[in-house]
Amino acid sequence: MTFLTRLDDGSLKEGAAPTFALSQRGRAGLEILGAIQTFSSGTLRPMAAANFEENPQGRMLGEDHASPTPAFSERERIAKARTVCEGDAIYRLERFFQRYVAEENFNRGIPAIEERRAEFLAYDAAMAQGSDETPEAGSLTLAEDLAIPAWFAPIEWHLEPGGWDGYDLYGALFAFGVGPYVFRKGGYAAVGIGDDIVGQRLKTIRQFPKDSYARIYEPGCGGVSTLKAVHSVFPEAELHGADLSPLLLKNGARMAARFGFPVHLKQADCATDTGEADASFDGVITYALHHELPPKANRALFAELFRIMKPGADIVISDPPPFRAVSMFHAVILDWDTLHREEPFFSPVLHESLDAMLEEAGFEAVESYAIGQDQYPWITRARKPESTAVEAQA
């Protein structure tokens, strides 16, 4: 799930309104968070990793983690490795800074946007006048009576007060505050230090094996950042997305219209019913979605995606790497997010195999690999068979 793309992006269509900016005080408050995060992940974390490798217990666990016949289960290894890490003051300081930045993103970001609320709303209205926010440019279907799943409703994802829909200007906060001053520097969660999170989306889209697609679907599309990247790679494709959050969908519809590409958005619980027809898409993309669903919901989602995909259609997934794909120390770093960054399903999903889930759903040609540092983004892709077992029996 993602937020709206920064509005002053250079690819805004001709005639778009000028940009909006935070006050100097607002910018400075977030810039220092970006600097802390860079120091934490770029300086302290390598020191903590070296200390872990020099620790006899850490070295033994690392070798066990890499062994094809480990003595300990994955959960046992991570628990033991966490104990080793927490004995190191450098590790504790690095984690303190990570938690501090994650929480301060909102403690500082919301006031920074709020003091410029009037200016942002005026800017937003000017942008709307310069764009074609009509149904012909796409569509938005909200479902007020949609049953929100119990696993979704109470969670304040990433320490975000009130969850995805908890603050009406979260889109502006990420587009003009946390996005450019903190996230753009990388070094948080699975994102490596210095990583280009916009470029990572484009590299992910280029993992589709065919040269063109007629209709592409994204469950958990959020603010259409990924669908925008899809449009840049496959401009001829008809784009559809769905999400549980009405605020993210509203922001996404506005941004798609302003960037000049049509997209059809629908509020839906994709793990139970996308509301789409059987065999109606020849491509599916998911980005940073599956670690935010419990494993049971992921299995249901893959079954539903299989249903709406045409025979021979491709699915490309980008999500944090499974624990089995990273070093012992990095597994502890990823596992930390589960309890400390309001990511309740992070570890349960990273213990699982999306490859196996896809095969259970009926997909073939399943493969997974990394396209960036620290094994992120981790790509999993597969294909729906040309003929399924049910069709073969018919």
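Helix 4 has a kink of about 35 degrees centred on E104, where the bend at a residue is the angle between axes fitted to the seven residues ending there and the seven starting there. The model is predicted, so local features are described at pLDDT of at least 70 and side-chain atom pairs at pLDDT 80 or more, while totals for chains, interfaces and linings use all residues. Residues are numbered from 1 along each chain as its sequence is written, and side-chain values use heavy atoms, with hydrogens and water left out.

Helices (H or I, at least four residues) and strands (E, at least two) are DSSP runs numbered from the N terminus. The end C-alpha atoms of helix 4 (residues 89-114) are 37 Å apart, which agrees with the 38 Å that its 26 residues should span at 1.5 Å a residue; the expected span is 1.5 Å times one less than the number of residues. At the N-terminal end of helix 4, D88 acts as a cap, with a side-chain oxygen 3.1 Å from the backbone nitrogen of I90.

Turning to strands 9 and 10, A365 is found in strand 9 and has a positive phi of about 55 degrees, although it is not a glycine. The loop between strand 9 (364-370) and strand 10 contains P377, which is joined to Y376 by a cis peptide bond with omega of about -5 degrees.

Strand 10 (378-383) also helps to line the second largest cavity, as do helix 12 (346-350) and helix 13 (354-361), each supplying at least two residues. A cavity is a set of points on a 1 Å grid over the protein atoms alone where a 1.4 Å probe fits but cannot get out, and lining residues have an atom within 4 Å of a point. The second largest cavity has a volume of about 90 Å³. Of its 13 lining residues, P320, P322, V349, E352 and L354 are the closest to the centre.

Conventions. 1 Å grid on protein atoms, 1.4 Å probe; cavity = no way out; pocket = protein on both sides within 12 Å on 5 of 7 lines; lining within 4 Å. Points joined across faces, edges and corners; volume = space filled by probe spheres on them. Polar contact = N/O pair within 3.5 Å; in protein donor to acceptor, adjacent residues only side chain to side chain.
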